[in-house]
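Visitor: Got a minute to go through this one with me? I'd like to talk about cysteines and then helix packing.

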Amino acid sequence: MLAERVVGPELLDELPVQDPRALRSRRDLRRGNTWLRHPRIMARTLQEGFSIHRPLEITELGAGDGHFLWRVACRLRRQWPAAEATLVDRLDALDPLMRNRFSLLGWRIQAEVADATEWLRRAPPKANGVILCNLFLHQLRAEQLAELFCLAARSARVVIALEPRRVWWTYVYSHLLWMNGSGPITRHDGPISIRAGFAGRELSALWPDDGGWQLVERPASLFTHLFMARRKD
Ligand SMILES: C[S@@+](CC[C@H](N)C(=O)[O-])C[C@H]1O[C@@H](n2cnc3c(N)ncnc32)[C@H](O)[C@@H]1O
């Protein structure tokens with residue numbers, strides 16, 4: 001059943017941003033990111049994949065309320081005390097508290113309400129660009145991923161994604177989300193996310209590799225699939 005990826009609609013994408021059920025689901029996501037240790041895994045992968053001597057220009061695609069990137073920033077502030085971050089999301093979901101929290105870290109942020117692919121299409125290439133995705137790529141079908149990767153390869157030096165692992169035990173767990181207090185939207189979207197998650201080298205196969213990129217794709221934990229594309233030069 002999990003051999004093939006199946007991308008399905010998630011309720012969080014359809015609810016108005018201020019709907020109490022959507023707000024609760026974003027809170028569930030924050031707790032889920034903690035439990036999955038995604039801020040820590042992302043910060044460590046970035047430190048491994050990107051020279052600390054380069055100024056950091058981060059874009060997060062599908063950034064949601066901004067809490068995830070802020071927690072990554074907290075872990076990176078020593079190496080990159082004055083980074084620039086762009087948070088792109090189709091919905092205007094940025095938590096207003098985040099602007100102040102990022103600025104206390106010395107990070108300048110810009111929020112863009114846009115479809116990620118459309119935004120990349122008009123974004124100027126950044127010499128030191130880093131693109132991060134957390135629990136976002138699984139919402140795209142293969143042809144959409146291939147297009148997004150082509151555009152990302154034009155505008156960044158490093159692309160890192162943390163996504164659901166499509167294996168039986170994550171699928172089983174996704175049906176038990178009520179046990180950790182998750183609300184109805186998260187309980188509905190959880191199994192859909194797992195069926196749309198990744199296995200093997202499915203993301204690498206969609207990367208427009210011209211020989212100039214080093215690709216890493218592997219499990220990062222029992223629950224998380226990690227992909228990183230890094231320019232060789
Ligand atoms: C599961 S949430 C993850 C949010 C955030 N990365 C986090 O970890 O909390 C996925 C996010 O992707 C956004 N999204 C879905 N499709 C998108 C698209 N085509 N372009 C930009 N954002 C999109 C949704 O609005 C949602 O905020």
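**Cysteines and a helix pair**

Visitor: How many disulfides does the structure hold?

Guide: Zero disulfides, taking a disulfide as a pair of cysteine sulfur atoms within 2.5 Å. This is a predicted model, where local features need pLDDT of at least 70, side-chain atom pairs count only at pLDDT 80 or more, and totals for chains, interfaces and linings use all residues. Residues are numbered from 1 along each chain as its sequence is written, and side-chain values use heavy atoms, leaving out hydrogens and water.

Visitor: Why is there no bond for Cys133?

Guide: Because the closest cysteine sulfur, in Cys150, is 15 Å from the sulfur of Cys133, too far for a bond.

Visitor: And is Cys133 buried or exposed?

Guide: Cys133 is buried, at 2% relative accessible area. Cys150 is partly exposed at 43% (buried is under 20%, exposed over 50%, partly exposed in between, with a 1.4 Å probe and protein chains only).

Visitor: OK, switching to helices. At what angle do α4 and α5 cross?

Guide: Roughly 15 degrees, with the axes of α4 (residues 67–76) and α5 (residues 97–105) coming within 10 Å. That makes α4 roughly parallel to α5, since angles under 35 degrees count that way.

Visitor: Which residues make the contact?

Guide: From α4, His67, Leu69, Trp70, Ala73 and Cys74; from α5, Met98, Arg101, Phe102 and Leu105. Contact here means heavy atoms within 4.5 Å.

Visitor: What's the breakdown by class?

Guide: Seven nonpolar residues, one polar and one charged.

Key. Axes fitted to C-alpha atoms, helices over the stretch in contact; angles between N-to-C directions. Helix = DSSP H or I, 4+ residues; strand = E, 2+ residues; numbered from the N terminus. Parallel < 35°, antiparallel > 145°, perpendicular 65-115°, else oblique. Nonpolar A, V, L, I, M, F, W, Y, C, P; charged D, E, K, R; others polar.
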